[in-house]
Amino acid sequence: MHNTLIDYINSRVSRSLLANEIEILKNNFVPHKLKKREFFLQENETSNYMGFLIKGSMKKYSIDSKGTEHILSLYIEGWWVGDRESFTKLSPSSFNIEACEDTDLLVLTKKAADEVFSLPIMNELTRQLDENYSFASQKRINAAISMTAEEQYNMLIDSYPEFSQRFPQHMIASYLGITQETLSRIRSRAVKK
């Protein structure tokens, strides 16, 4: 499992990890398995872990007062998973994070994260990930306020084509903030074209 993480980091930073850095990663990232529908984090808990997804898929969501699920994030292999605010501030989370499939992760505790992210190469990775997250967030907010539901769906599938195979239609609809019926109509029109 660690080799997947090492390959991921090496593909995104300016130089390959050194032997001592790899050792620090292996000593601090702990393998963790979740069964489908098992929680990584539940609302009102403090996030004690951040994870790197090796195999499987997950979702981060909140539930409103009417019991409706609102998906904030969908995760697949090679993505970081967690509630960064809760993890960093040691505050209760507003979100649930749940496995959508049987899932393998490498997880970091807060103490382990402090050691891992004291490495300059990991600061480079974090800076790059933060920039990418910021760009993606701006794109998603702009899509939500200026695009039709069909345009949002097409943008999502163009960006992440595997989502349509990995996540059920009701989850994609929730992620886009539309009803399942609207998504069904959009997909029907796409098939007819």
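This passage describes helix packing, buried polar residues and loop conformations in a predicted model.

Two packed helices are described by the angle between their axes and the distance between the axes. Helix 5, which spans residues 120-146, packs against helix 6 at an angle of about 155 degrees, and the two axes lie 8 Å apart. Because angles over 145 degrees count as roughly antiparallel, helix 5 and helix 6 are assigned to that class. Their crossing is right-handed. On the side of helix 5 the contact is formed by K139, A143, A144 and S146, and on the side of helix 6 by E151, Q152 and M155. By class, the residues in this contact of helix 5 with helix 6 comprise 3 nonpolar, 2 polar and 2 charged.

Helix 6 (residues 149-159) also packs against helix 8 (residues 169-176), here at an angle of about 115 degrees and with the axes 11 Å apart. That angle makes helix 6 roughly perpendicular to helix 8. Helix 6 passes helix 8 in a right-handed crossing. The residues that meet are Q152, Y153 and L156 from helix 6 and I172, Y175 and L176 from helix 8. This contact of helix 6 with helix 8 contains 5 nonpolar residues and 1 polar residue, with no charged residues. Q152 thus appears in the contact of helix 6 with helix 5 and in that with helix 8.

Helix 8 is mostly covered, with 6 of its 8 residues buried. The buried residues are M171, I172, A173, S174, Y175 and L176; I172, Y175 and L176 are the residues of helix 8 that meet helix 6. Helix 8 is followed by G177, which has a positive phi near 75 degrees.

A further residue of helix 6 is E150. With a relative accessibility of 19%, E150 counts as buried, since the cut-off for burial is under 20%. The side chain of E150 is engaged in a polar contact with the side chain of R189, at 3.3 Å.

Two further buried residues, D83 and S47, are located in loops. D83 is found between strand 6 (80-81) and helix 3 (84-89), and its relative accessible area of 5% places it among buried residues. The side chain of D83 reaches the backbone nitrogen of S86 at 3.2 Å. Beyond neighbours within four places in sequence, D83 is in contact with L41, S47, M50, K60, S93, S94, F95 and I97. The C-alpha atoms of D83 and M147 are separated by 27 Å, the two residues being 64 residues apart along the chain.

S47, one of the residues in contact with D83, is found in the loop between strand 2 and strand 3 (49-55). At 3% relative accessibility, S47 is likewise buried. A polar atom of its side chain lies 3.0 Å from the backbone oxygen of Y49. Residues up to four places away in sequence aside, S47 touches L41, D83, S86, F87 and S91. L41 is therefore listed among the contacts of S47 and also among those of D83, while S86 touches S47 and offers its backbone nitrogen to the side chain of D83.

Most residues other than glycine have a negative phi, and most peptide bonds are trans. R37 has a positive phi of about 75 degrees although it is not a glycine. This residue is located in the loop between strand 1 (30-34) and strand 2 (39-41), and R37 counts as exposed at 60% relative accessibility. L90, also not a glycine, has a positive phi near 55 degrees. L90 is found in the loop between helix 3 and strand 7 (96-99), where its relative accessibility of 52% classes it as exposed.

A loop residue of intermediate accessibility is T68, which is partly exposed with a relative accessible area of 38%. T68 is found in the loop between strand 4 (58-63) and strand 5 (69-75). Not counting residues up to four places away in sequence, T68 touches S62 and I63. T68 and W79 are 11 residues apart in sequence, and their C-alpha atoms are 26 Å apart in space.

Notes:
Residues are numbered from 1 along each chain as its sequence is written. This is a predicted model: local features need pLDDT of at least 70, side-chain atom pairs count only at pLDDT 80 or more; totals for chains, interfaces and linings use all residues. Side-chain values use heavy atoms; hydrogens and water are left out. Axes are lines fitted to C-alpha atoms, for helices over the stretch in contact, and angles run from 0 to 180 degrees between N-to-C directions. Helices (H or I, at least four residues) and strands (E, at least two) are DSSP runs, numbered from the N terminus. Angles under 35 degrees count as roughly parallel, over 145 as roughly antiparallel, 65 to 115 as roughly perpendicular and the rest as oblique. A crossing is left-handed if the near helix is turned anticlockwise from the far one by less than a right angle, and right-handed if clockwise. Contact means heavy atoms within 4.5 Å. Ala, Val, Leu, Ile, Met, Phe, Trp, Tyr, Cys and Pro count as nonpolar, Asp, Glu, Lys and Arg as charged, and the others, Gly among them, as polar. Buried means under 20% relative accessible area, exposed over 50%, partly exposed in between (1.4 Å probe, protein chains only). A polar contact is a pair of N or O atoms within 3.5 Å; within protein, one must be able to donate a hydrogen and the other to accept it, and residues adjacent in sequence count only if both atoms are side-chain atoms.
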